[in-house]
Amino acid sequence: MQRDRWKRDDRRLVLLTLIWAAALVASGWRPFDRATWAMEVAPVLILLPILWATRRRFAWTGLALALVGLHGLILMLGGAYSYARVPAGAWVQDWLHLARNPYDRLGHFAQGFVPAIVFREALIRRGGLPRGGLTTFLVLACCLAVSATYELIEFAAAWMLGQGAEAFLGTQGDVWDTQWDMLMCLIGAATALLTLSRLHDRQLIRWKR
């Protein structure tokens with residue numbers, strides 16, 4: 001049974017690796033700004049080896065792994081164009097007559113939506129916490145901590161690179177961009193918990209078998 005589970009988990013990681021590899025090549029072919037692309041896709045390049053190295057000790061559920069894969073694609077698309085220039089966001093901007101390209105908001109929504117399930121799984125499986133209010137609170141707090149850390153990274157990039165960090169920051173002239181980013185992360189995390197917790201629970205039960 002354990003060997004069958006390992007084979008299934010390895011197949012999932014192989015699929016994720018192939019998808020990410022193809023997306024990395026596509027996004028890095030002629031990015032808008034090579035330095036911005038490198039900073040945006042860095043989490044993917046860091047996370048993938050970690051997933052492979054830890055797959056025997058902690059194999060994620062299919063839901064968590066699928067969300068991580070999707071988040072990686074969002075980062076790579078943003079890195080290819082820079083968040084302020086992603087065509088899909090420009091279409092939405094024109095359609096809804098928005099003042100700015102909303103793709104950056106989607107990225108920060110995903111920054112909460114995806115880690116919410118990842119943290120929930122880690123707290124329940126590794127931390128031994130029961131499902132309920134305390135776990136929900138800790139998940140939201142962890143997601144906000146990730147968002148705040150990312151904002152500090154952006155601050156450091158802006159401080160070191162000056163105007164060269166504008167594409168990475170993606171503020172598009174909004175003085176409240178940092179606050180909006182953290183709010184979107186919180187909304188994303190809450191949305192994930194509200195919509196996916198039952199599905200996640202079913203997968204966690206199957207994982208124990």
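Which residue does the side chain of Asp-104 meet in a salt bridge? The partner is Arg-100, at 3.3 Å from N to O. The views below come from a predicted model.

**View 1. The whole chain is built from helices.** The chain has 8 helices and 0 strands. Along the sequence, the pattern reads α-α-α-α-α-α-α-α. Of the 209 residues, 43% count as buried. Take the contacts between residues at least 6 apart in sequence: 76% of them join residues at least 24 apart. The accessible surface of the chain comes to about 11800 Å². Carbon and sulfur atoms account for 70% of that surface.

**View 2. Asp-104 and Arg-100 pair through their side chains.** The salt bridge spans 3.3 Å, N to O. Asp-104 is buried, and Arg-100 is buried too. Side chains of opposite charge can pair when their charged atoms come close. The count of salt bridges in the model comes to 7.

**View 3. Helix α5 is largely enclosed by the rest of the structure.** Helix α5 covers residues 103–125. Of its 23 residues, 19 are buried, so the rest of the structure largely encloses this helix. Its length also fits expectation. At 1.5 Å a residue, helix α5 should span 33 Å, and its end C-alpha atoms are 33 Å apart, which agrees.

**View 4. Glu-121 and Arg-125 form a salt bridge within helix α5.** Their side chains meet at 2.6 Å, N to O. The two residues are 4 apart in sequence, about one turn of the helix. An α-helix has 3.6 residues a turn, so residues three or four places apart point the same way. Both Glu-121 and Arg-125 are buried.

**View 5. Thr-61 makes a polar contact with Glu-121.** Thr-61 sits in the loop between α2 (34–53) and α3 (62–81). The side chains of Thr-61 and Glu-121 make this contact at 2.7 Å. Thr-61 has a relative accessible area of 4%, so it counts as buried, the cut-off being under 20%. Setting aside neighbours within four places in sequence, Thr-61 is in contact with Arg-12, Glu-121, Arg-125, His-200, Gln-203 and Leu-204. Both members of the Glu-121 and Arg-125 salt bridge are thus among the contacts of Thr-61.

**View 6. Asp-10 and Arg-56 link distant parts of the chain.** The closest N and O atoms of this salt bridge are 3.1 Å apart. Asp-10 lies in helix α1 (residues 2–28), while Arg-56 lies in the loop between α2 and α3. The two residues are 46 apart in sequence. Asp-10 is buried, with a relative accessible area of 18%. Arg-56 counts as partly exposed because its relative accessibility is 37%. Salt bridges that share partners join Asp-10, Arg-55 and Arg-56 into one network.

**View 7. A nonpolar patch lies on the surface.** Its members are Leu-144, Trp-180, Leu-183, Leu-186 and Ile-187. Together they have about 380 Å² of accessible area. Helix α8 (residues 177–208) gives the most to the patch, with 4 residues. Trp-180 lies in helix α8. At 39% relative accessibility, Trp-180 counts as partly exposed.

Methods:
Residues numbered from 1 in each chain as written. Predicted model: local features only at pLDDT ≥ 70, side-chain atom pairs only at ≥ 80, totals over all residues. Heavy atoms only, no water. Patch = residues over 30% accessible without salt bridge, like charges linked within 9 Å, V, L, I, M, F, W, Y side chains within 5 Å. Areas by Shrake-Rupley, 256 points an atom, 1.4 Å probe, with all protein chains shown as cover. Salt bridge = Lys/Arg side-chain N within 4 Å of Asp/Glu carboxyl O. Buried < 20%, exposed > 50% of the residue type's maximum accessible area, 1.4 Å probe, protein only. Expected span 1.5 Å × (residues − 1). Polar contact = N/O pair within 3.5 Å; in protein donor to acceptor, adjacent residues only side chain to side chain. Contact = heavy atoms within 4.5 Å.
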